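This report concerns the architecture of one chain and the contact between two chains, and the model is to be read alongside the text.

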Amino acid sequence: MPSAELKFDKTKCTKCKTVSCLTKCQYLDFKSKEQARKEWQKVINGEDSFILQSCTTCYACEEYCPLGNHPFYLIVERQEQKGILPAPRPIITMWINQCQPVGKFMVGKVEQRALSYCFLPHFATLVKGKLFDGIAWAVIFGQEFFCNAVYLHYARASIIKERLPRIIENIKNQGIKELICLHDECYGTFTSLAPAYVMEVPFKPIHYYEYLYNRLKELQSLISPLNIKAAYQRNCSARLCPETDHYVDDIFQLIGVERIKRKHDHEDALCCAEIIRMAKGPSLADDIQKRNIDDMAAFGAEYCVFNCPACWDSLALKVAKRGIKPIHMIDLCKLAISEPQSLRLVEATAEV
Amino acid sequence: MANTSVVYDSLVKIVGKDFVSDRREERYFYARDGGLMPPHEPDFVVMPRTTEDVQEIVKLANREKVPIVPIGAGLALTGLVIPQRGGIVLDMKRMDRILEVNERARYVVVEAGVTQGALKNYLQRHYPNLRHSIPDAPPVATVVANAVIHGQGRLSQQHGFNSDMVSGLEVVLPTGEVCRIGSCSVSSYWFSKGAPLPDLSGLFLGWFGTTGVITKLGLKLYPCKKMRDVMVFLADKAELVPDIMLRLSHTEMVEDAVVSAAPLPLRFRGTFWVMAYITGDSDEELEFKRKMVWDALWEHFENRDVGFLSVPPDMKAPLMSMPSKDTTRFADVSKGGGFQYAGPITPIEKFPAFHRKLEEVAAKYNVFYASTTRLIGAGHCMMFSFSFSFNRANPDEMARAKKALDECSRFSLEEGGVLWKADVDEQKLLMNKMDPNTLALIRKIKQLLDPNGIMNPGNWEVP
């Protein structure tokens with residue numbers, strides 16, 4: 001089977017006035033727009049550039065590009081072509097092996113509409129109550145439905161190209177017409193990554209924020225405004241689907257939550273940094289996490305609202321230690337309709 | 001030939017009829033352990049309550065020339081408490097009192113039936129500042145049996161074998177005398193098993209109950225910090241593992257270092273998982289130790305040869321669990337609940353060769369494998385487990401696992417390793433290779449202490 005080609009138009013970059021993909025990057029420094037343009041041209045040409053070595057794989061350039069030209073996917077392609085390892089080799093090996101589709105999966109009572117847990121067990125805890133009435137059992141989970149976008153972090157576009165068509169086929173074979181993606185990584189895979197590689201997606205991906213918003217409107221009579229101030233923790237894969245960000249504001253408005261206007265939100269959001277810890281070591285990761293949490297505290301956040309379970313795993317305990325209550329978006333919506341929070345903090349370092 | 005009714009009646013007289021049995025079901029149960037050694041039934045099972053009970057039973061066994069096999073929970077897996085020649089199995093479970101904790105001298109004195117789980121629980125409740133080196137055995141494993149087999153535990157990287165942490169013994173000799181070993185022989189304190197006296201503990205530790213019955217044991221306790229964490233590093237080259245372990249132990253910050261390797265679950269395939277455990281009384285202390293560990297491995301990290309794995313809480317919990325429950329899970333991989341391992345003690349430089357052998361043997365005999373390696377005593381040596389699981393209802397699979405284990409044991413010896421908790425066949429391999437004068441010394445000691453050869457016969461029998 002011929003490998004899918006990335007849909008990348010280099011002429012768009014030639015005409016680009018901003019080079020935002022690089023000039024907005026929070027981790028790479030360029031003396032000028034011209035230097036950024038020069039370095040980027042090297043990447044396009046397949047030449048060596050420090051960008052390929054220094055990229056933290058935060059995904060943000062996918063959002064920064066005003067032309068939808070997939071700069072990050074190109075970086076990943078070039079890293080792989082040059083054998084550059086964004087993370088140590090054993091970590092990449094572990095990820096490649098762990099998520100192999102080898103026939104292990106879970107399918108609930110799936111009809112035309114289904115929920116995708118992707119490969120994240122947290123959702124078994126989160127998906128409960130009235131918000132999911134009628135759909136809680138329509139679940140797909142496991143390697144056979146794993147979106148594979150994580151390999152963008154590990155310079156393995158080839159794995160995505162190899163496995164994603166099978167994943168899409170598996171979902172289609174369940175007769176699913178609408179797939180509610182509980183993780184941005186899945187949603188972004190089907191709405192950004194797959195189209196970038198010209199893969200047809202024969203079902204409609206629905207972001208779970210859209211689902212929650214609509215469901216909350218149905219349950220509006222049950223909503224008691226929470227009247228809280230919350231910091232929103234944007235995750236790396238939110239960069240693949242920035243068009244869904246408005247749902248955060250829409251949901252917050254519906255349930256009486258103020259999204260604090262802090263420095264590190266929206267385009268300037270900082271990721272949870274655990275992937276960066278595995279790629280670059282603890283100094284940068286600790287610094288990012290500290291700046292992020294300091295920022296939440298400085299702007300008076302009472303809660304930190306998580307979208308991604310992996311961000312929860314890496315940051316929940318740390319924000320709690322700063323006196324900010326961690327909560328997943330699904331749980332926040334539950335609180336608003338007087339249902340209890342499901343995903344709770346695990347004191348991972350406590351047992352002696 | 002002993003008069004069985006005389007023995008039975010005498011045992012009833014010593015411990016009461018509720019604690020003696022010659023019934024088939026008990027003899028069946030005590031004839032085997034969870035490993036691959038063939039079963040052999042005892043004639044009697046008896047459960048003493050006191051040291052005096054043990055004394056009387058040992059005297060009886062001497063009089064009647066009946067073998068006697070002391071047993072803790074019977075979890076060694078290498079058949080060490082299978083009564084090879086029948087006789088009396090002395091089940092120590094009823095001697096389950098924790099007799100003393102000296103908080104300031106940091107030791108505990110326990111009876112022979114006290115389990116690891118009971119001691120852990122007791123210390124957590126009453127002495128939360130103290131802990132002992134918990135082995136990765138089920139919680140019903142006894143403290144004494146673990147010391148007798150030179151077990152290792154969660155503090156072995158810092159403090160050596162669990163038997164090195166023994167601080168005194170009370171032993172009923174094979175001839176019936178009660179003997180105290182260590183500081184407790186001249187003092188009311190149990191702080192040392194030997195020094196500054198002649199260290200006689202070596203007459204009992206590692207002998208698998210062939211030189212006496214340990215009835216009480218002093219065990220060193222260590223500070224229990226408020227917080228504990230595990231850092232997981234991954235390598236994909238066996239050749240790098242010894243250096244990683246040495247670097248970790250060089251920090252003197254790691255209380256336990258374990259390497260896991262297995263082909264399944266898939267996340268393990270192709271990588272070695274190095275777990276470094278650290279503790280602290282504050283976030284700052286823990287963070288400092290994390291930094292030291294990172295610094296130790298930074299060169300390999302920069303070379304992209306060693307990776308750090310951020311472990312989510314649900315994955316971290318089983319790694320933090322003491323004892324680890326992974327062994328139990330592994331034991332049922334082949335569905336049928338059988339598992340055994342050969343765990344030679346060896347220099348850590350042997351890791352690559354041992355791992356290669358493990359893969360080779362597993363493929364040769366078509367058995368599922370895993371390996372867990374624990375660093376012992378600041379890099380002085382390691383325990384490398386060649387572990388195989390099997391279905392107990394599948395004799396063919398069991399036979400293949402046994403062959404695989406035997407081959408691994410022979411290989412370990414050839415490579416300079418020493419077999420740990422060796423079964424009777426492996427003991428013969430060891431003795432064949434042993435210095436003749438050492439062997440003669442073992443024979444002399446055994447004859448001196450156990451003139452009638454009643455103690456756990458079949459084990460450490462010098463030809």
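What follows describes a sheet, the helices that lie against it, and an interface, all in a predicted model.

In chain B, four strands form an open sheet with mixed pairing, and their order across the sheet is β1-β2-β4-β3. The edges of this sheet are β1 (20-21) and β3 (68-71) of chain B, each of which pairs on one side only. At the β3 edge, β3(B) runs parallel to β4(B), residues 88-91, and the two strands are joined over 4 bridges; within this part of the sheet, B:I71 has B:D91 of β4(B) as its bridge partner. As a general point, the strands of a sheet pair through backbone hydrogen bonds, in either a parallel or an antiparallel sense.

Two helices of chain B are placed against these strands, as the table sets out.

| Helix of chain B | Strands of chain B involved | Angle between directions |
|---|---|---|
| α1 (residues 4-15) | touches β1 and β2 (44-46) | about 10° with β2(B) |
| α3 (residues 51-64) | lies across β2, β3 and β4 | about 170° to β4(B) |

The description now turns to the interface. Contacts between the chains involve 26 residues of chain A and 30 residues of chain B. On the side of chain A that touches chain B, the helices α7 (89-98), α13 (274-280) and α15 (309-321) of chain A each supply at least two residues, and α7(A) gives the most, with 7 residues. Sorted by class, that side of chain A comprises 14 nonpolar, 7 polar and 5 charged residues.

Note on methods: Residues numbered from 1 in each chain as written. Chains lettered and ligands numbered in written order. Predicted model: local features only at pLDDT ≥ 70, side-chain atom pairs only at ≥ 80, totals over all residues. Pairing = 2+ DSSP bridges. Contact = placed C-beta atoms within 7 Å. Axes fitted to C-alpha atoms, helices over the stretch in contact; angles between N-to-C directions. Nonpolar A, V, L, I, M, F, W, Y, C, P; charged D, E, K, R; others polar.
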